[in-house]
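Trainee: I have a structure to go through with you. Can we take it piece by piece?

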Amino acid sequence: MGKITGFLDDAREEVSERSPAERVQDWEPFHIPLHEEQRRRQGGRCMNCGVPYCQSGIIWEGRGFGCPLHNLIPEWNDMIYMGNPSHALSRLLKTNNFPEFTGRVCPAPCESACICGMYGDAVTIRDNELSVIEDAFAGKTIKRRRPPQWSGKKVAVIGSGPAGLAAADQLNHRGHSVTVVEREERPGGLLTYGIPNMKLPKSVVQRRVELMTDEGVTFVTGLDASDPAVAKRLMKEYDAVVLCCGAERPRPLGLETDGISGICYGTEFLKAAVERQQFGKSPEVPSAEGKNVVIIGTGDTASDCVASALRQKCRSVIQLVRRPREDYLKNGELPSDYAHEEALSVMGQDPRRFGVQARELSAENGVLTAVTTTDGDVIPCDLLIAATGFAGCASAVCEAFGIAYDRTVRTAEGSFATNVEKVFAAGDMRRGQSLVVWAIAEGRTAAAEVDEFLNGYTNIVRSL
Ligand SMILES: Cc1cc2nc3c(=O)[nH]c(=O)nc-3n(C[C@H](O)[C@H](O)[C@H](O)COP(=O)(O)OP(=O)(O)OC[C@H]3O[C@@H](n4cnc5c(N)ncnc54)[C@H](O)[C@@H]3O)c2cc1C
Ligand code: SF4
């Protein structure tokens, strides 16, 4: 505990944000980090609780509580206050392979478990985490770590989202030769093709992939492992296979859409936006530019679609939310996220309409023109985006490897092994649609099980 009276002396300081009107003009990050002195004060507010709930990482009555990675939060908060960045970094990297991702996009269940928050405001744990890793990259104190010797064992990790990257990183550091197989042109999974650049810059993902490559991991992109011939070859050539293919199957819209253009799923829209904006591609999924956009659904995906449509200069954007407004109120107020603030500033109104669903679509010559809602409103619409959630993992890849699955891959309780010898599964593909922090925890824990399978023992600590 750096400063004994820190939590009494200093208040929580939030990172500031660029104004909504300014930031919708570009795709750059909108958070403005705290200065070093402010961060030290925040580190000094940590009370080093006897039982640090912030790092507990448990599910309590269906809600995540504390850090699923069991990050050693009080320790690095202390080091931030004491001005010992190298020790803060080494304690942070003990439990989290990629703090530069979680420090940007994690909803921070650690902060809702922070005891300081019971009597005032929680410690700014997530921002402290981000500062430790970003200072290390900026100061070039992140050094490449190659294993001292190789085990001679080969592991194929299928999918390069946070779960696959975490599994690959752990297994590589244990000396196994790891090849990450990715269907898309670039690694990163939803870190690259889902979460927009203003929340997680693509250069941050690329920086980590380059470091991992330098440390010995091989990335093979543009290879679809659901092709039975590819799956067969991987099974023959590798000592273990870890499937981390996400939970990409979207929940169907439930409307008659046959023969109507101008409709896509939220993940398709966001992927196309990234490809167009960051990688100079011309994807088939249309841009929202000049269009009346209706987004169905709520949650991260729907918000990211609102924010991306605004940046593409849509004519209007409306978000249909099935549940009533009252269901979302906190202390009598309706919480807004970054996208809703932006819509309010550009369009002059909150884009959300609560307690309604789309009932029917209208089209002219096969082109979408309007959405009729359950309360009878006819909303002009040239682009309908369904952010209606996820129905589970893709079946083709499970079938190619012969593994048992229903909504997600079936594994025994507490295990990551599938029903097929030497095939493991982790991340959203096993857990269902979740969060980056859980995907990293899954990848790390699957790596421990794979290491034990290959070596007969492991010294990788399980996160879960
Ligand atoms: C729009 C959106 C916004 C989100 N925002 C947040 C957020 O702000 N904070 C947060 O914590 N979480 C967020 N999430 C959730 C988070 O991104 C996921 O929980 C996390 O990425 C899951 O990681 P994963 O590695 O299991 O799968 P993914 O990230 O989905 O990666 C799976 C990878 O497997 C590859 N793959 C699939 N099939 C094959 C195949 N047959 N052959 C080869 N490769 C294959 C895919 O191309 C992909 O690269 C968001 C999700 C979405 C959709
Ligand atoms: S990973 Fe998420 S839950 Fe864990 S310390 Fe960081 S912000 Fe908190």
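Trainee: Which residue follows α9, and what is its phi?
Mentor: This is a predicted model. The residue that follows α9 is K140. Its phi is positive, near 55 degrees.

Trainee: What should the 14 residues of helix α9 span, and how far apart are its end C-alpha atoms?
Mentor: Helix α9 covers residues 125–138. At 1.5 Å a residue, the expected span is 20 Å, because the count of steps is one less than the number of residues. The end C-alpha atoms agree with that, at 20 Å apart.

Trainee: How many residues of α9 are buried?
Mentor: The buried set includes I125, R126, D127, L130 and A136. The cut-off is 20 or more other C-beta atoms within 10 Å. The helix is largely enclosed by the rest of the structure, because the buried residues number ten of the 14.

Trainee: What covers the buried residues of α9?
Mentor: Several helices take part. The cover includes α3 (36–44) and α4 (73–82). It also includes α5 (85–95), α6 (99–105) and α7 (109–112).

Trainee: Which element gives the largest share of the shell around ligand 2?
Mentor: The shell has 14 residues, and among the closest are C67, C110 and R126. At least two shell residues come from α7, and at least two from α9. The largest share is three residues, and it comes from α9.

Trainee: By class, how many residues of that shell around ligand 2 are nonpolar, polar and charged?
Mentor: Take the closest residues as a start: C67, T102, C106, C110 and R126. Cys counts as nonpolar and Arg as charged. Over the shell, the classes are nine nonpolar, three polar and two charged.

Trainee: Where is V436, and is it buried or exposed?
Mentor: V436 is in helix α19. Outside its neighbours within four places in sequence, its contacts are F101, T102, V105, C106 and P162. V436 has 25 C-beta neighbours inside 10 Å, so it counts as buried.

Trainee: How many residues are in the largest nonpolar core, and which helix gives the largest share?
Mentor: In soluble globular proteins, nonpolar side chains tend to be buried together. Here the largest nonpolar core has 127 residues, with A167, V242 and L243 having the most contacts inside it. The largest share of this core is eleven residues, from helix α19.

Trainee: Which residues is A167 in contact with, leaving aside its neighbours within four places in sequence?
Mentor: Contact here needs C-beta atoms within 7 Å. On that basis, A167 is in contact with V157, V242, C244, A426, G443, A446 and A447.

Methods: Residues are numbered from 1 along each chain as its sequence is written. Chains are lettered from A and ligands numbered from 1 in the order in which they are written. This is a predicted model: local features need pLDDT of at least 70, side-chain atom pairs count only at pLDDT 80 or more; totals for chains, interfaces and linings use all residues. Helices (H or I, at least four residues) and strands (E, at least two) are DSSP runs, numbered from the N terminus. A residue is buried if 20 or more other C-beta atoms lie within 10 Å of its own, exposed if 12 or fewer, and partly exposed in between; C-beta atoms are placed from the backbone. Two residues are in contact if their C-beta atoms, placed from the backbone, lie within 7 Å. A residue is near a molecule or strand if its C-beta atom, placed from the backbone, lies within 6 Å of it. A nonpolar core is a set of buried Ala, Val, Leu, Ile, Met, Phe, Trp, Tyr and Cys residues joined through C-beta atoms within 7 Å.
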